[in-house]
Amino acid sequence: MSDKIDTVVCGDCLEVLGGIDSFCDLIFADPPFNIGYQYDQYHDKVRPEEYVDWCRRWMSLCCDVLKESGSFYIAIGDDYAAELCVLGKELGLTLRNWVVWHYTFGQQTKAKYARSHTHIFYFVKNAKEFKFYDHAVRVPSERQLIYADKRANPKGKMPDDTWNEYPRLCGTFKERIGFHPCQMPETVLARIIAGSSKKGDMVMDPFSGSGTTLVTAMKMGRHYFGTELSEDYVEGINQRIQSAKDDMHSDRNLFYKFSYTDKFETARLCADMAVTPEEVVKDEKLLYYFTVLMNVRTQREPVFTEEEICSILGVLGK
Ligand SMILES: C[S@@+](CC[C@H](N)C(=O)[O-])C[C@H]1O[C@@H](n2cnc3c(N)ncnc32)[C@H](O)[C@@H]1O
């Protein structure tokens, strides 16, 4: 397996993952939803029984390559959410959260209400031995930000299991890569990776698509491994990862006092709080709680001062 660390392999996940010992700390799978999407090399409309049987096979292989303490997240649409939840339990997984990612910019419809959510199952392999890093995903509470309540937990609160903060990536968004029809936002993956892995862990995505999981894992200092059926998508993923590496490298000069991770974590907290860097810098109270939460999340020693946070936010705002 060591020759596959930090790579994406072009091939069918059922073939590539077969016969490998457990090596993953975290798996994120966003399979085709069987709703007729046009992918480069995959026909996304098969008979329902065939689809469920196929899901059973790749989920079972993912369980095999997941470490005992590992976490397994699956994104799925309404049509097969119930089936995949049952399959996970049949495979011995424990469901810890049924997250609903509620996004803005859903696709417009006339005949029924517009769909604006995706289900994300958070399973673990071992209900007692799993790893969860709560400090890394905490957000400021309303008690802190709105009510200035002295009883507020200074470490903020855990996010709800309905995620409203992250819009779907529209064609016009800067983050949009363009070669793939279903690119997920990095912010969704960043929360999952922060909560269920630590630096140096192995993050795996069997349906890599545009490479969101892999590139986000790399930016967060995790190892990654992915499989993807389409050769063209794999080429696009490799370019995306290379371009992120180039950015990280050029940041070293621009950003000498702080690490790329400091910048990434600052942007991640802005996204989680739905605020812009400029709004934080301008608002004394917001800046105070933002700094508190940055220190909770990163557990940095020495802690960030407000001035330091302001200078990182200044770079982000450019
Ligand atoms: C929903 S997309 C994943 C999107 C991804 N989460 C992202 O953010 O870009 C599903 C991907 O799975 C790929 N795929 C379908 N069947 C596959 C298989 N058997 N093995 C590997 N990849 C497969 C498709 O080519 C498609 O790119």
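How many residues surround the ligand, and which are the closest? The shell holds 23 residues, each with a heavy atom within 4 Å of the ligand, and the closest are Asp 30, His 180, Ser 210, Thr 212 and Glu 228. The model is predicted, so local features need pLDDT of at least 70 and side-chain atom pairs count only at pLDDT 80 or more, while totals for chains, interfaces and linings use all residues. Residues are numbered from 1 along each chain as its sequence is written, and side-chain values use heavy atoms, with hydrogens and water left out.

By residue class, the shell comprises 12 nonpolar, eight polar and three charged members; here Ala, Val, Leu, Ile, Met, Phe, Trp, Tyr, Cys and Pro count as nonpolar, Asp, Glu, Lys and Arg as charged, and the others, Gly among them, as polar.

Polar contacts (pairs of N or O atoms within 3.5 Å) can be followed residue by residue. A polar side-chain atom of Glu 228 is 2.6 Å from a ligand oxygen, and an N or O atom in the side chain of Thr 212 is 2.8 Å from an oxygen of the ligand. Leu 229 takes part through its backbone, with an N or O atom 3.2 Å from a ligand nitrogen. Of the 610 Å² that the ligand exposes when taken alone, the protein buries 99% (Shrake-Rupley areas, 1.4 Å probe).

Turning to the fold, eight strands form an open sheet with mixed pairing, in the order E1-E8-E7-E2-E3-E5-E4-E6; strands are DSSP runs of E of at least two residues, numbered from the N terminus, and two strands pair if DSSP finds at least two bridges between them. At the edges, strands E1 (7-10) and E6 (162-163) each pair on one side only.

Terms used. Polar contact = N/O pair within 3.5 Å; in protein donor to acceptor, adjacent residues only side chain to side chain. Helix = DSSP H or I, 4+ residues; strand = E, 2+ residues; numbered from the N terminus.
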